[in-house]
Amino acid sequence: MRIATVIGNRPQFIKHALLSKRLRQEHDEVIIHTGQHYDDEMSDSFFRELDIPQPDVKLGVGSGLPFWQVGEMVREVGSWLNAVRPRPDLVLVHGDTHSSLAGALAARLLKTPVAHVEAGARCDDRSVPEEINRILIDHMSELLFCPTAKSGHNITNEGIEVDRVYFTGDVLYDTYLHYSSRTPTAVKGYIFVTIHREANTNDVDNLSSIMVAIERLTCEKPVVFPTHPRTRKMIGASMAPQRMMPPMSYLDTLAHIKGADLIITDSGGVQREAYFAGVPCIYIGTAGWPELFACGASKQVRADAEEILETAKMNWRPDFNKDRLFGKGDAVEKIARAIKEWEEHKRG
Ligand code: UD1
């Protein structure tokens, strides 16, 4: 069967590293890179580091206003899917980014079935652009691969037929287990921070509150702060450049997560990796995983300096072994098997 995978952002490259290799054992897979992320440190470096098959198609769409970016990506992905022979039997997308929305929509408009990895995630805040993407992608998908039990309930409660929904666990956990032993050892005794979300970077008050908290925390402990290009641009000259560092590779990020005393982030990926590593995590904003707030692994705060600093004083440790919310580390295998069964069923 021919599978076209549409990816375009740093987290999707990481999530697709193992799945691509597994799918290629049985299928003809093509990777379409939308170009939403394009700097070497946000894109190509991950293909090299994780030995991901090079994209077959590079659309080079780049940055822009969301309606323009999504529109361009739909047009480009759709044109490619429409022209290529043999036509893909399935289009696969990961997560909730604009690239994933565009890939799913282009496929759907061409009546090509969509498989959604990380289906059913909800943060219950529709002001988060990714939440809208999640809902739209799920409702356009034929195969929905859920990372947690709650994500499965979320979508069946929204009326999606249960026979399209699979609880597979989280491919990010598979990736974490696979690469964990290869990470360099980081020095301990620091706070690891990542901030990139629109709500925290494009709102000046939110961003300056977060920066105040980081500056004050730096007086107590070293802060390691690899900085997303958007965040770097928005911070501008207001923070000493030595406080920021370029985005990190995946293996360096894992090493720093595992060695951290505390993680402060607005990334759902880093929030999960903190949980896998048993490191306490403060999540800034509303877009995070409710599962991790409910079990106490992460603490949710607003972009408010005092709230961040007060929470940082609390002493807690996630108990990963108690809940194991994101499956057993066999999500890649379960997804590959479900796709195979679906193919056989379609053939009759
Ligand atoms: C996107 C995803 C987000 C994901 C994140 C991972 C959407 C709606 N958001 O957010 O869910 O968590 O990726 O990083 O799809 N930029 C560069 N170089 C790059 C890429 C981006 O300089 O290689 C700058 C540009 O100024 C761009 C800005 O970062 O406008 C934001 O990039 P974009 O891809 O729109 O959103 P992210 O914040 O990365």
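Which residue in β10 is the bridge partner of I191? In this predicted model, the bridge partner of I191 is L262 of β10, and this pairing belongs to a parallel arrangement in which four bridges join strand β8, residues 191-194, to β10. Strand β10 comprises residues 262-265, and its side chains alternate, with L262 and I264 pointing one way and I263 and T265 the other way, while all of these residues are buried.

Strand β10 also pairs with strand β11, residues 281-284, again in the parallel sense, over three bridges. Within this pairing, T265 of β10 stands opposite Y283 of β11. Together with helix α12, which spans residues 268-277, β10 and β11 make a β-α-β unit that is right-handed.

Helix α11, residues 250-259, is mostly covered, since eight of its ten residues are buried; the buried residues include the aromatic Y250 as well as L251, L254 and I257, and T253, A255, H256 and G259 are likewise among them.

The packing of α11 against α12 was examined next. The axes of the two helices, α11 and α12, lie 9 Å apart and form an angle of about 55°, and α11 and α12 are therefore oblique to each other, with a crossing that is right-handed. The contact between them involves Y250, L254, I257 and K258 on the side of α11, which meet V270, E273, A274 and A277 of α12. Of the contributing residues of α11, Y250, L254 and I257 are among those that are buried in this helix. An α-helix has 3.6 residues a turn, so residues three or four places apart point the same way.

Note on methods
Residues are numbered from 1 along each chain as its sequence is written. This is a predicted model: local features need pLDDT of at least 70, side-chain atom pairs count only at pLDDT 80 or more; totals for chains, interfaces and linings use all residues. Side-chain values use heavy atoms; hydrogens and water are left out. Buried means under 20% relative accessible area, exposed over 50%, partly exposed in between (1.4 Å probe, protein chains only). Two strands pair if DSSP finds at least two bridges between them. A crossover is right-handed if, with the strands pointing away from the viewer, the path from the first strand over the helix to the second runs clockwise. Axes are lines fitted to C-alpha atoms, for helices over the stretch in contact, and angles run from 0 to 180 degrees between N-to-C directions. Angles under 35 degrees count as roughly parallel, over 145 as roughly antiparallel, 65 to 115 as roughly perpendicular and the rest as oblique. A crossing is left-handed if the near helix is turned anticlockwise from the far one by less than a right angle, and right-handed if clockwise. Contact means heavy atoms within 4.5 Å.
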